[in-house]
Amino acid sequence: MDFFQLRNGEMFAEDVSLARIAEEVGTPVYVYSRATLERHARVFREALEPLGRVHLAFAVKSNPNLAVLRVMRREGYGADVVSGGEMARALASGMPAEDIVFSGVGKNAREMRQGLDAGIGQFNLESEEEGVELAAIAAAQGQRARCALRVNPDIDAGTHEKISTGKADNKFGVPIDQAVAIYARLAALPGLEMRGLAMHIGSQLSDLAPLEAAFTRMGELIAELRANGHTVTHADLGGGLGVPYKAGEVFPSPAEYGAMIARVAKDWDVTFMFEPGRVIAGNAGVLLTRVVRVKRNANRTPFVIVDAAMNDLARPALYGSWHDFEAVKPRGIRMTGNIVGPICETGDTFATDRETDALEPGDLAVFRTAGAYGATMASSYNSRGFVAEVMVDGDRFAVVADRILPEEIYAAERVPEWLD
Ligand code: LLP
């Protein structure tokens, strides 16, 4: 469910025509729908609130735009961050420090201090080494860092290998068979307040079964830790719920997810923490682009060359991901095309042999479900700059990130005088 719909033959974001945004802001441009973000934030919350004490932390990596974070904050969400930069953004958007959870395998000493100084709510420790380092830094500052231990349950999430995180050979979390011993050693350090466990087995999950298996193991661990005299007040169940990228695909709903957790975790007696990203932001955004040219070669599929490229939306090039592609003003005629960007490599392909609305040079089109892991994964490859981002709210819209021009990027570069 989203608010990008055809109205009188033309695609709108809520009550604003995409053609108007293209006219005023130019293309390519990411367009987010506030109403869609809010709807997903509420549906997710309502599905999980029956569990009791619940803390929702939006995965900032999925869409770190300050306006998006502000919407999430207004919906009562905190933030799941994985770098000092994301932490700074979450704080800049007005999120209270205590609502921030810091995950990630490579937190460095500077980032640990940044989190301690800000007073963030929880560090999710990904290794014993990290816990020992954080304990020393916190103790030196006279603090105790609130922590959960991230456990790797060695479960195949059944998703793309590049976004699977819960297998034993992935870099995330501590091996489940060592978790009790590591927890005990970390809990003995004066700089740490060990308060629970965390898991996140992967992203774009299409099936609840691997999650259920992982949470079942977490339940067993909680019982074992408590039996050993440890305090466990928090269980962070991560993010990962997938969304349909292709019209007609069906994914587990937040309600089914909530019901599964209610069954598996009914006597955990903890504060449940969640780190959803894609399920909130995914289809709350589109990448609006203009057709530059249609290149026809005899006996071959024509190339529909658009002004967006793999640097703006990396998912198809990186993971072979599908994004629905639709004309903003469909003519009611279909064509088969290879949808490509202008970048000088064959990987700059959004879709091959795609049946799509017939398109001509100058036409506008959208890649759907680009609200998560879209703008945030952009690069400036081929010196293309960074595209603008717009948020629509009813019949109004605002530019929530300026387009960054190539000149602005190379302004940070220097040619040393010895090259004169
Ligand atoms: N929590 C942790 C610890 C994570 O690593 C992630 C995602 C999330 C939460 C949020 O997961 P979500 O609810 O959005 O599935 N760039 C890839 C996705 C990478 C996800 C990385 N971790 C993509 O475009 O599909």
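Hi everyone, let me start with the layout of the chain. The domain assignment gives two pieces: domain 1, covering 4–32 + 282–410, and domain 2, covering 104–274. Their C-alpha centres sit 36 Å apart. Where they meet, eight residues of domain 1 are in contact with six residues of domain 2. On the domain 1 side of that contact, the residues break down by class into two nonpolar, five polar and one charged.

I should say right away that this is a predicted model. For the chain, the average pLDDT is 97, and 100% of the residues score at least 70. Going element by element, strand β10 (residues 174–175) has the lowest mean pLDDT, at 96, while strand β4 (residues 29–33) has the highest, at 99. The model's ipTM is 0.99 and its pTM is 0.97.

Now for the ligand, which I suspect is what you came for. How many residues surround the ligand? There are 22, and the closest are Ala59, Ser203, Gly239, Gly277 and Tyr373. By class, that shell has seven nonpolar, 10 polar and five charged residues. Both domains take part: the shell draws at least three residues from each of domain 1 and domain 2.

Let's put the annotation next to that. An unreviewed UniProt entry places a "binding site" feature at Gly240, Glu275, Pro276, Gly277, Arg278 and Tyr373. I'd like to look at two of these in some detail, Arg278 and Tyr373.

Arg278 first. Arg278 belongs to helix α10, which spans residues 278–281. Is Arg278 buried or exposed? Arg278 counts as buried because 26 other C-beta atoms lie within 10 Å, and the cut-off for buried is 20 or more. Setting aside residues up to four places away in sequence, Arg278 touches Ser62, Ser203, Gln204, Gly242, Val243, Ala372 and Tyr373. Ser203, one of those contacts, is also listed among the closest residues to the ligand.

On to Tyr373. Where is Tyr373 placed? Tyr373 lies in the loop between β19 (364–367) and β20 (388–393). Tyr373 is buried too, because 25 other C-beta atoms lie within 10 Å. Leaving out neighbours within four places in sequence, Tyr373 is in contact with Ser62, Arg278 and Arg315.

So, to tie the pair together: Arg278 and Tyr373 touch each other, Ser62 is a contact of Arg278 and of Tyr373, and both Arg278 and Tyr373 carry the binding-site annotation from UniProt. Thanks for listening!

Technical notes: Residues numbered from 1 in each chain as written. Predicted model: local features only at pLDDT ≥ 70, side-chain atom pairs only at ≥ 80, totals over all residues. UniProt positions renumbered as here; feature names shortened; annotations may be inferred. Helix = DSSP H or I, 4+ residues; strand = E, 2+ residues; numbered from the N terminus. Buried ≥ 20, exposed ≤ 12 C-beta atoms within 10 Å, placed from the backbone. Contact = placed C-beta atoms within 7 Å. pLDDT = per-residue confidence, 0-100. Domains from an automatic or database assignment. Nonpolar A, V, L, I, M, F, W, Y, C, P; charged D, E, K, R; others polar. Near = placed C-beta within 6 Å.
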